[in-house]
Amino acid sequence: MRRTIPMLTLVIVESPTKARTIRKYLSDGYLVEASMGHVRDLPSSADEIPIQFKEKEWARLGVNVEDNFQPLYVVPKSKKKVVEELKKAVKKAERVILATDEDREGESISWHLLQVLKPKVPIARMVFHEITQEAILAALNHCRDLDYNLVRAQETRRILDRLVGYTVSPLLWKKIARGLSAGRVQSVAVRLLVIRERSRRAHKNGSYWDLKAILQSEQASGTFEAKLVAVGGKKIATGGDFDPKTGKIAAGKDVLLLEEKEAIALKEHLQDKIWTVSQVEERPTTRKPAPPFTTSTLQQEANRKLGMGGRQTMKVAQSLYEEGYITYMRTDSVHLSAQALAAARSCVEQMYGPEYLSAKPRQYTTKSKGAQEAHEAIRPAGSSFRYPRETGLSGKEFQLYDLIWKRTVASQMALARLTQITVKIKVDPPVTPLTEGALDAEFSAHGKRIDFPGFFRAYVEGSDDPKGALLDQEVILPPLKVGDTPKCMELDARSHETQPPARYTEATLVKTLEKEGIGRPSTYASIIGTIVDRGYVQNRNKALIPTFTAFAVTSLLEKHFAHLVDPRFTSQMEQTLDEIAHGSTEWSKAIELDNVQDHIKIKIGKFGSYIEATQGEEVFKASIPPDLTLADLQPEQVEQLLEQNREENELGVHPETGETIYLKIGTYGPYLQLGEATKEKKKPKRVSLPKGLKTEDLTLAIAVSLLSLPRLLGTHPETSASVKAALGPFGPYVVHDQGKEGKDYRSVPREDDVLTISLERALELLANPRPDVVRELGRHPEDKKPVSINKNRFGFYVKHGRVRTALPKGETAESLSLETALTLLRTKASSKSSTKKSKTKKKTTSKKKSGSRST
């Protein structure tokens, strides 16, 4: 009998984790493989540009601007093996299902897979927003065709970002510093931070005083607070009444500004007077639970409640999705499916009782501009929600799942019912120092009573304002009625200063970007990560502080590319991309630094930020320490940095060379310089001060000794090679220098002095095994040099002279033999040799081409 070969269906997803989870739900007739993300992209370097396009002017862009902005796609070297494996899998299959994520990026990955693999068997597109058995099997029965509108929208975004980045970035390299980059959304985000910092620097503080009383009710024990709000019917000035530009009371504000003297005098007048309750108002209110999470609100809340950055939040959420714990984590929608509503309401009844359930299923309306991506909010996966304690999760995964579970369940709970209480208390009219007559003083006390907690039992949304977080806590006031006369137990005069607008946190920046329609929420985490990594921003205690580089770049872009950093332009572009995704627009149609003082400029140089000041015809410069931002830089610090460089602090004359020795302050601290820069000697000898040596303890003798480094101690008895003592970036060290044979280094311990260490002590240190050497394998048969297994922060590696190679998978530091190590070293050495030859060949070819053109 002829054996029937079962039909094989190939399912392609993006990641190995997602593939492993889906494999559990499919039968043996399915082969699930991962593409490891995109398999094609625009060329990232000149090496990736196909030879037939290298001479084209547009080739470096990867976009043919001469032919309707057609993109040039290549398969990166890192993806060639993946593509080969997928092609082999396609040959075995009788059907191919593209099961990448359901957003624009996922649709694009599927399209690129189709273009690269060119399957000759039927293909289908499968989408799902959660990885459960029920969802996967349902998706298999409802496959569709590729959505080319989504593909075009993603492609247009990629082309736009490439054109902006590759056009503007070279200008930044030329005008400011190499390595900088500009991006269509990234640059707008940086500008928002810079604008906020400018407004903080322009802010003028205003000061005001008020009174706070601690009162005790006649009928009940316990005390409560009350604050002075008016005198003689005139409102007392508070922070909101000041003009931030002047630090004075804003025009049109009819308020009474208390100064220190007046506040203290008023306190003395009121201390022993009769306090009478003049008004009690109780106002019932309700609070509605926040909607289930979107990508943006999840990042905001994880930042506030868990202290997680956007990158970490999305990484953990991706893991939870791929392992089947939550629904797809890139979404703008707050909608819940009927299945999810039933699951959430079941959790409410079981955990809190039917009285905590909302009267009917509650749905929310998506408010973000151009909402897109998946069609459901982020929620626990499945038709019944796993309780957090039953998941087996731990660490950040547990915390984030717990946050998502509580937010989803709370959305189906009853409203919280509260009563807001306001009590007005008047003090018998005193004769005040403020006016000639007697005026009454009015104090106000505020309380809040939670009559029914409702969804508060499960979840209370976080707040960017620490004071705002108190709004969800009860503030109990004793029973009070009009005519009561509480006793004043304490009365304090308090000083206040207005504050500049708060700096952005990751949460508030994400909120602003989404509100303004700038970029897509799914990209916010990578955008913030990029501007931090590139040195545009420092993240201090959750506050995002723009650096000098951010100010320089923003000023340059505002001057030359104003539209690129205009939030309205970026927002409009997002709307256009949405229209392309919906098929209503053709894709092809979419396509000076701040001064601290007048005579002082801040510039960005090759080695970082520095101050330049002009006095007459003299120009003084001073490096700015890398941990100092514009927000920290005050005029006094500027003068101090300049003064240190102006003084040129001459220590004396070198006894051997006759040159002056200077003490200077650089980007990384104080250093010594021998002589001055001249045409003949452009780079005078310099040496940093060792850690622990203070500038005030520095003498001429110590300076001469430091400038003598590296110091020859003698020769090694075994090799006759030199042994030296020197000072490096990581501290003092001794080195056994064998020239081409290599160098052997050891750090000098704290108990030794690099300036006085002897040859004998250096040989003793060199005889000790290196701290990074884990195991000596033996001698190399060719040159008799040691072969060892070493360890650094990246892991274990084999070392022989200057050749290093990582341990292969399956081998450990204990199991690797000398024979295997020698094979690894030969392979590494041959690959280095071929790479060197290739580079030499390229240089020769380049020179020939250059020569022929010049001829």
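**Exercise 1. In this predicted model, determine how strand 31 pairs with strand 32 (residues 803-806) and describe the hairpin that the two strands form.**

*Solution.* Step 1. Strand 31 and strand 32 are joined by 4 bridges, and their pairing is antiparallel.
Step 2. Within this pairing, tyrosine 797 lies opposite alanine 806 of strand 32.
Step 3. The hairpin has 2 residues between its strands, and glycine 801 adopts a positive phi near 60° there.

**Exercise 2. Identify how many bridges link strand 30 to strand 31, and name the residue opposite asparagine 792.**

*Solution.* Step 1. Strand 30 covers residues 786-792 and strand 31 covers residues 795-800.
Step 2. The two strands run antiparallel and share 5 bridges.
Step 3. Opposite asparagine 792 stands glycine 795, a residue of strand 31.

**Exercise 3. Describe the open sheet that contains strands 25 to 28: its order, its edges and its twist.**

*Solution.* Step 1. The sheet is open and has 4 strands in the order 25-26-27-28, paired in the antiparallel sense.
Step 2. Strand 25 (711-715) and strand 28 (743-747) are the edge strands, because each of them pairs on one side only.
Step 3. From one strand to the next, the twist averages 25°.
Step 4. For a closer view of one pair, take strand 25 and strand 26 (residues 722-728), which are antiparallel and connected by 4 bridges. Leucine 712 has lysine 724 of strand 26 as its bridge partner.
Step 5. As a general point, strands of a sheet pair through backbone hydrogen bonds.

**Exercise 4. Establish which residues of helix 1 (residues 16-23) are buried, on which side of the helix they lie, and what they pack against.**

*Solution.* Step 1. The buried residues are Lys18, Ala19, Thr21 and Ile22.
Step 2. These residues lie on the same side of helix 1, because the arc they cover around the axis is only 165°.
Step 3. The buried residues pack against two strands, strand 1 (9-13) and strand 2 (30-34), and against two helices, helix 4 (133-140) and helix 9 (310-322).

**Exercise 5. Characterise the largest nonpolar core and the surroundings of phenylalanine 128.**

*Solution.* Step 1. The core has 61 residues, of which Phe128, Ile326, Leu400 and Met413 touch the most other members.
Step 2. Elements giving two or more residues to this core include helix 8 (295-306), helix 10 (338-352), helix 11 (395-410) and strand 13 (416-427). Strand 1, helix 1, helix 4 and helix 9 are also among them.
Step 3. Beyond its neighbours within four places in sequence, phenylalanine 128 contacts Lys18, Ile22, Ala99, Glu102, Ile136, Ala139 and Tyr321.
Step 4. Another core, of 34 residues, lies apart from the largest one and includes Val164, Leu192, Ala550 and Leu557.

**Exercise 6. Locate glycine 239, classify its exposure and list its contacts.**

*Solution.* Step 1. Glycine 239 sits in the loop that connects strand 9 (234-235) and strand 10 (242-243).
Step 2. Its relative accessibility is 29%, so glycine 239 is partly exposed.
Step 3. Setting aside neighbours within four places in sequence, glycine 239 touches Tyr208 and Thr498.
Step 4. Glutamine 499 is 260 residues away along the chain, yet its C-alpha atom is 8.1 Å from that of glycine 239.

**Exercise 7. Summarise the protein chain as a whole: its elements, its burial and its exposed area.**

*Solution.* Step 1. The chain contains 19 helices and 32 strands.
Step 2. It has 855 residues, of which 46% are buried.
Step 3. The chain exposes about 45,600 Å², and 51% of this area comes from carbon and sulfur atoms.

Methods. Residues are numbered from 1 along each chain as its sequence is written. This is a predicted model: local features need pLDDT of at least 70, side-chain atom pairs count only at pLDDT 80 or more; totals for chains, interfaces and linings use all residues. Side-chain values use heavy atoms; hydrogens and water are left out. Buried means under 20% relative accessible area, exposed over 50%, partly exposed in between (1.4 Å probe, protein chains only). The arc is that of the directions from the helix axis to the C-beta atoms. Contact means heavy atoms within 4.5 Å. Accessible areas come from the Shrake-Rupley method with a 1.4 Å probe; for residues, only the protein chains shown count as cover. A nonpolar core is a set of buried Ala, Val, Leu, Ile, Met, Phe, Trp, Tyr and Cys residues joined through side-chain atoms within 4.5 Å. Axes are lines fitted to C-alpha atoms, for helices over the stretch in contact, and angles run from 0 to 180 degrees between N-to-C directions.
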